[in-house]
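Me: Please walk me through this one. I'd like plain answers I can follow with the viewer open.

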Amino acid sequence: MTSDLSPRLADALAAGTVVLDGGMSNQLESAGHDLGDELWSARLLAERPEAVTEAHLAYFLAGASVAITAGYQATFEGFGRRGIGRAETARLLAGSVELAREAARQAVGRGVGRPLWVAASVGPYGAMLADGSEYRGRYGLSVAELERFHRPRLEVLAAAAPDVLALETVPDADEAAALLRAVRGLGVPVWLSYTVDGLHTRAGQPLEEAFALAADADEVIAVGVNCCAPGDVGPAARIAARVTGRPVVAYPNSGEGWDAEARAWRGRTTFSAGEVAVWRQAGARLIGGCCRVGPEAIAAIAAIAGLTD
């Protein structure tokens with residue numbers, strides 16, 4: 001758990017590799033929780049918060065040093081459709097950070113001695129729509145409109161004092177521009193990670209242009225990719241490192257594809273912890289997994305990186 005004696009995450013990244021956690025939804029599902037609705041794992045922030053803490057703890061015990069909160073699909077609009085008001089939604093958003101902090105405390109109590117950090121998940125606009133739009137982008141909204149959507153949630157999360165804001169699974173450079181505008185003045189560092197298709201964002205923009213948006217943003221401590229095919233990580237990481245000069249964050253999914261209509265994963269797993277060395281050579285310093293990547297894979301990454309307790 002971070003304290004006054006623990007390094008900042010940015011300093012840890014400058015010194016070497018830091019291991020991220022894996023997928024929240026698959027860990028919750030493996031524990032028997034049904035996530036088959038629009039709120040996905042965010043529903044458990046209200047209904048089973050202890051389950052969220054248990055999922056974070058599993059990753060800390062496996063070797064992760066950073067927990068990404070369960071707030072990816074937690075928005076004022078999404079909870080509002082369930083009749084949950086803004087004040088209660090703000091409490092749940094802030095609570096997502098505290099649940100991860102509690103998992104860190106429990107991990108320390110069980111002998112984990114390395115620094116542990118909490119990243120507050122900030123999913124894209126498409127996650128709120130719950131129709132797979134985060135894998136397409138191009139929502140038909142302006143940068144200003146997207147900034148207005150993201151800013152209130154970011155303010156609540158920043159007030160909860162996470163170590164970093166994870167601007168993640170961003171499919172579109174326009175949304176990245178909106179997010180980078182929205183985090184100004186919040187006083188919390190961020191990482192920016194796109195979901196990509198080869199050498200382009202999901203919306204089709206070249207990665208050189210997309211990553212360049214973060215090059216001069218003082219808040220950004222890492223930039224990279226997540227929830228993409230594992231094979232896309234190396235090429236994207238090299239571009240991110242070259243264009244921004246920042247440490248690269250990389251946490252791909254299992255390699256399976258998401259069928260938004262069926263709300264199910266299709267295809268085969270191609271994720272291999274053995275690729276970590278390749279990703280590190282490409283500039284990746286903050287490394288983990290996204291959807292369908294569980295504690296065993298995170299333990300393997302930590303072992304390869306030499307970061308087990």
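Reply: Labels before anything else: helices (H or I, at least four residues) and strands (E, at least two) are DSSP runs, numbered from the N terminus. This is a predicted model, where local features need pLDDT of at least 70 and side-chain atom pairs count only at pLDDT 80 or more, while totals for chains, interfaces and linings use all residues. Residues are numbered from 1 along each chain as its sequence is written, and side-chain values use heavy atoms, with hydrogens and water left out.

Me: Ok, how many helices and strands does the protein chain have?

Reply: The protein chain has 13 helices and 12 strands.

Me: And what share of the residues is buried?

Reply: Of the 309 residues, 57% count as buried, meaning under 20% relative accessible area (exposed is over 50%, partly exposed in between; 1.4 Å probe, protein chains only). About 11700 Å² of the protein chain is exposed, and carbon and sulfur atoms supply 48% of that. Those areas come from the Shrake-Rupley method with a 1.4 Å probe, and for residues only the protein chains shown count as cover.

Me: What's the strand order in the open sheet?

Reply: Eight strands, in the order S1-S12-S9-S8-S5-S4-S3-S2, with parallel pairing. S1 (18–19) and S2 (66–68) are at the edges with a single partner strand each, so one side of each has no neighbour in the sheet. Strands count as paired if DSSP finds at least two bridges between them.

Me: Let's look at S4. Which strands does S4 pair with?

Reply: S3 (residues 117–122) pairs with S4 in the parallel sense over four bridges, and Ser121 has Ala166 in S4 as its bridge partner. S4 also pairs with S5 (residues 190–194), again parallel and over four bridges. There, Val170 stands opposite Tyr194 in S5.

Me: Is S4 covered or open? How many of its residues are buried?

Reply: Mostly covered: S4 spans residues 164–170, and seven of its seven residues are buried.

Me: What do S4, H9 and S5 make?

Reply: A right-handed β-α-β unit, with H9 being residues 173–182. Right-handed here means that, with the strands pointing away from you, the path from the first strand over the helix to the second runs clockwise. H9 lies across S3, S4, S5 and S8, at about 165 degrees to S4. For that angle, axes are lines fitted to C-alpha atoms (for helices, over the stretch in contact), and angles run from 0 to 180 degrees between N-to-C directions.

Me: Which residues does Leu165 touch?

Reply: Leu165 is in S4 and counts as buried, at 0% relative accessibility. Leaving out residues up to four places away in sequence, its contacts include Ala120, Val122, Leu154, Val183, Pro189 and Trp191. Contact means heavy atoms within 4.5 Å. Leu165 and Pro189 are 24 residues apart in sequence, with their C-alpha atoms 6.3 Å apart.

Me: What about contacts over the whole chain: what share joins residues at least 24 apart?

Reply: That's 77%, taken among contacts between residues at least 6 apart in sequence.

Me: Switching to charges. How many salt bridges are there?

Reply: The count comes to 12, where a salt bridge is a side-chain nitrogen of Lys or Arg within 4 Å of a carboxyl oxygen of Asp or Glu. One of them joins Arg48 and Glu50, with the closest N and O atoms 2.3 Å apart. Arg48 is partly exposed at 36% relative accessible area, and Glu50 is partly exposed at 36% too.

Me: What about Glu88 and Arg91: how far apart are they in helix H6?

Reply: They're three residues apart in H6 (residues 86–109), which puts about one helical turn between them. Their side chains meet in a salt bridge at 2.6 Å, N to O.

Me: Are Arg101 and Asp163 buried or exposed?

Reply: Both are buried. Their side chains form a salt bridge at 3.0 Å, N to O. Arg101 is in H6 and Asp163 is in the loop between H8 (143–159) and S4, so the pair ties together parts that are 62 residues apart in sequence. Separately, salt bridges with shared partners join Glu98, Glu102 and Arg105 into one network.

Me: Last one: where does Thr89 lie?

Reply: Thr89 lies in H6 and is buried, at 0% relative accessibility. Thr89 touches Thr75, Phe76, Phe79 and Ile84, not counting residues up to four places away in sequence.
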